[in-house]
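Grab a pencil and work through these exercises with the model open beside you. Try each task before you read its solution.

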Amino acid sequence: MVNTVRQLFIQSVMSLIHLSLVAIIAITLLSIFFSFWMTEKSDNDARAINVAGSMRMQTYHIGLYLNTNAATATQLIQQLNDTWHSPVLSLLHSEHANENLRKLYRAGEKNWTRDLMPQLIEALSHAGVEAETGHFRPMLEHQVMLTDQLVQGLQDHAEQKIRHLRTMQLFALLLTVLVGSLIFHLLKNRIEAPLKQLTDAAKAIAQGNFKHVHSIEGSDELALLSRSFNHMSHAINRTYHELEQRVADRTAELQRHNTMLNFLFDTARSALDQHDGEFDHQRVVSQLATILDEGQLELCLFTREGERPYLQYEAKNPCQPCAAQSCQSCKGTAPFDKPETLGLSHIYPIAHEDTQYGVLRLHDSTSKALLPWQDQLLRSCADQLALAMSLRETKAQEHRLTLLNERTVIARELHDSLAQSLSYLQIQVTRLQKSHDTQKYAQQQPIIDELRDGLSAAYRHLRELLTTFRLKVDHGGLKGAIEQTITLCRERSDMTITLDYGLHNLPLSPKEEIHLLQITREATQNAINHSQGCTLSIGLHQLPDKQVVLTVEDDGIGLNEHPDKQNHYGLAIMQERARHLDGSLHMAPGHRGGTRIQLKFLPHYLNEAA
């Protein structure tokens, strides 16, 4: 652990920067300190040279005044002696002084102190006798030579110090340049170049290029940051691809679900919109196989009691009778809430309210389990097919009941109109036969007239019944059917017929529309045939108490208190239809003197709401 920390510290970028700063500062401080130390040691050099140089002049002065003025010469000798022993020159005598300077100083000081100065003092000590200059000249010149050697030594020593200082400064300069170059090289290679790579990587990532890879060798912070960048880039790239894959999978799943919903919606709409029991099972099976991407899909249909299918629909083959092969044992037993798996086949019952209509069978040669969405789609499709077949049966049953009801109405109307007319004519034929047998020929002509009128009335009733049977409520609704009836009546009559229809916002059942249309037609026919009026008004409205009222009023002769029974067949039929509507039918004199027929009933949707 200690070695790792030490290695990280040594290879750290910040440690490199710190060491570089310390090196620069250290070189600078050392250069300053050495320069200060050299200048400190050279402080007395100039003074020593100056003092040593003055000793030459003093020596010449001594030689000059030696023969002329003994007192001055003695004084100069003392001054020269003091100069040789001055503090500046005495430093040359210490152990720390330069060896050469110490030798030169000792030689000059020894020659002066031991040789020349005693002789000069002794020669000047004789009263009145001046020393001869010629005798001391060689000695003085020798002393001057020693002094010159000392001065030259001091000068050489000072110049050597300056050269050392210059050399040290040059070395410090070279060392500074070298260290600076090394630091610049290290900063450029270990900081600037990695930072540029990291900046380029950051720009690439910002532009969405997560595959950008860069390599920074080393164990410093930038190398660690580079590896972190690469790891982050790889992680982001992997996450981005995972997100793209998830989005693609989710999009495919949504598209698949949308296809499934569209298929189920089309199937449900086809089941609800089927006419005359027509439902394209082959199209449903083919589309389902396409969505499942399975070709081995078949639909087998059973009767309620049968154990073998009567029709088989395959995904790739047209509808054909099942040959009692693959579907023989496919019919299950109630309850049909779970699919079965037989061998390599998945079987989904098509059942509704404990009635099985058939099965959906999917053959799988790989024996793999179905995916959840495939299982759900097959279940939903089986439910839709069961609903379609149940609706088909319900519509067929309603159609049969409608036919039975309509036949009952036809039979009743034939009985109440045409049958009674024929019975009346049969009675008249019997009377005619009796008059012929009794030879009462005078009575035959009235009977023949009644037979002619009865036949005309029966024929008219027959035509009215045929017209009634042809009436239907199509896409135009009840209003369109009534307007069509009024148009036909206008073609056969000169009466002015008006319609006031006020049931635009009222939902009526098909049964209510048929009975209203028939009552309106019957009342209109009666008014045209028997009222002898000029105008006829028809009104359909809803009263404040929510009841629907139908009013048919003419301005004819009115209703006879004892009408002929031939004219009451239509009234009986209208009363019967009013009872089917749970309503009431009333006939009364109209406001204009004619006849008013009024029907009131409560709509079926209000009964359901109650």
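## Exercise 1: A covered strand

Let's start with strands: β1 is joined by five bridges to strand β5 (residues 355-363), and the two run antiparallel. Keep in mind that this is a predicted model.

**Task.** Find out how many residues of β1 are buried, and work out which residues stand opposite cysteine 300 and glutamate 298.

**Solution.**

Step 1. Go along β1, residues 297-301: five of its five residues are buried, so the strand is mostly covered, given that buried means under 20% relative accessible area.

Step 2. Sort the side chains by direction. Leu297, Leu299 and Leu301 point one way, while Glu298 and Cys300 point the other way.

Step 3. Look across to β5, where valine 359 is the bridge partner of cysteine 300.

Step 4. Now turn to strand β2 (residues 311-314), which pairs with β1 in the antiparallel sense over four bridges. In β2, glutamate 314 stands opposite glutamate 298.

## Exercise 2: Two rings and a glutamine

**Task.** Search the whole structure for aromatic pairs and say how many there are. Then decide whether tryptophan 84 is buried or exposed.

**Solution.**

Step 1. The search of the whole structure turns up one aromatic pair. Its members are tryptophan 84 and tyrosine 105.

Step 2. A pair of aromatic rings is described by the distance of the centres and the angle of the planes. For tryptophan 84 and tyrosine 105, that's 6.0 Å centre to centre and 45 degrees between the planes, which makes the pair tilted.

Step 3. Place the rings on their helices. Tryptophan 84 sits in helix α4 (residues 70-84) and tyrosine 105 in helix α6 (residues 99-125), so the pair ties together parts 21 residues apart in sequence.

Step 4. Check the accessibility. Tryptophan 84 has 0% relative accessibility and so counts as buried. Tyrosine 105 is buried too, with a relative accessible area of 4%.

Step 5. Look for glutamine 143 in helix α7 (residues 133-206). The relative accessible area of glutamine 143 is 0%, so this residue is buried. Leaving out residues up to four places away in sequence, glutamine 143 touches Thr59, Trp84, Gly108, Asn111, Trp112 and Leu116.

## Exercise 3: Charges that meet

**Task.** Say how many salt bridges the structure has. For the one between arginine 521 and glutamate 522, decide whether arginine 521 is buried or exposed.

**Solution.**

Step 1. Side chains of opposite charge can pair when their charged atoms come close. The count here is seven salt bridges.

Step 2. Begin with arginine 250 and glutamate 253, whose side chains meet at 3.3 Å, N to O. They are three residues apart in helix α8 (residues 221-273), so about one helical turn separates them. Arginine 250 is partly exposed at 44% relative accessibility, and glutamate 253 is partly exposed at 26%.

Step 3. Move on to aspartate 375 and arginine 379, which meet at 2.8 Å, N to O. Both lie in helix α10 (residues 372-437), four residues apart, about one turn of the helix. Aspartate 375 is partly exposed, with a relative accessible area of 21%, and arginine 379 is partly exposed at 32%.

Step 4. Finish with arginine 521 and glutamate 522, at 2.5 Å, N to O. Arginine 521 has 2% relative accessibility and counts as buried. Glutamate 522 counts as buried as well, at 8%.

## Exercise 4: A sheet and its helices

**Task.** Work out the strand order of the open sheet of five strands, then name its edge strands.

**Solution.**

Step 1. Read the order across the sheet: β6-β7-β8-β10-β9, with mixed pairing.

Step 2. Pick out the strands that pair on one side only: these edge strands are β6 (496-501) and β9 (584-589).

Step 3. Compare directions. Ignoring direction, neighbouring strands are turned by 10 degrees against each other on average.

Step 4. Zoom in on β9, which six bridges join to strand β10 (residues 595-601) in an antiparallel run. Here methionine 587 stands opposite isoleucine 597 in β10.

Step 5. Add the helices. Helix α12 (residues 477-492) packs on the sheet and touches β6 and β7 (535-542), with its direction at about 175 degrees to that of β6. Helix α13 (residues 510-531) lies across β6, β7, β8 (548-554) and β10, and runs at about 15 degrees to β8.

Note on methods
Residues are numbered from 1 along each chain as its sequence is written. This is a predicted model: local features need pLDDT of at least 70, side-chain atom pairs count only at pLDDT 80 or more; totals for chains, interfaces and linings use all residues. Side-chain values use heavy atoms; hydrogens and water are left out. Rings of Phe, Tyr and Trp (its six-membered ring) pair if their centres lie within 6.5 Å; planes under 30 degrees apart count as stacked, over 60 as edge-to-face and the rest as tilted. Buried means under 20% relative accessible area, exposed over 50%, partly exposed in between (1.4 Å probe, protein chains only). Two strands pair if DSSP finds at least two bridges between them. Axes are lines fitted to C-alpha atoms, for helices over the stretch in contact, and angles run from 0 to 180 degrees between N-to-C directions. Contact means heavy atoms within 4.5 Å. A salt bridge is a side-chain nitrogen of Lys or Arg within 4 Å of a carboxyl oxygen of Asp or Glu.
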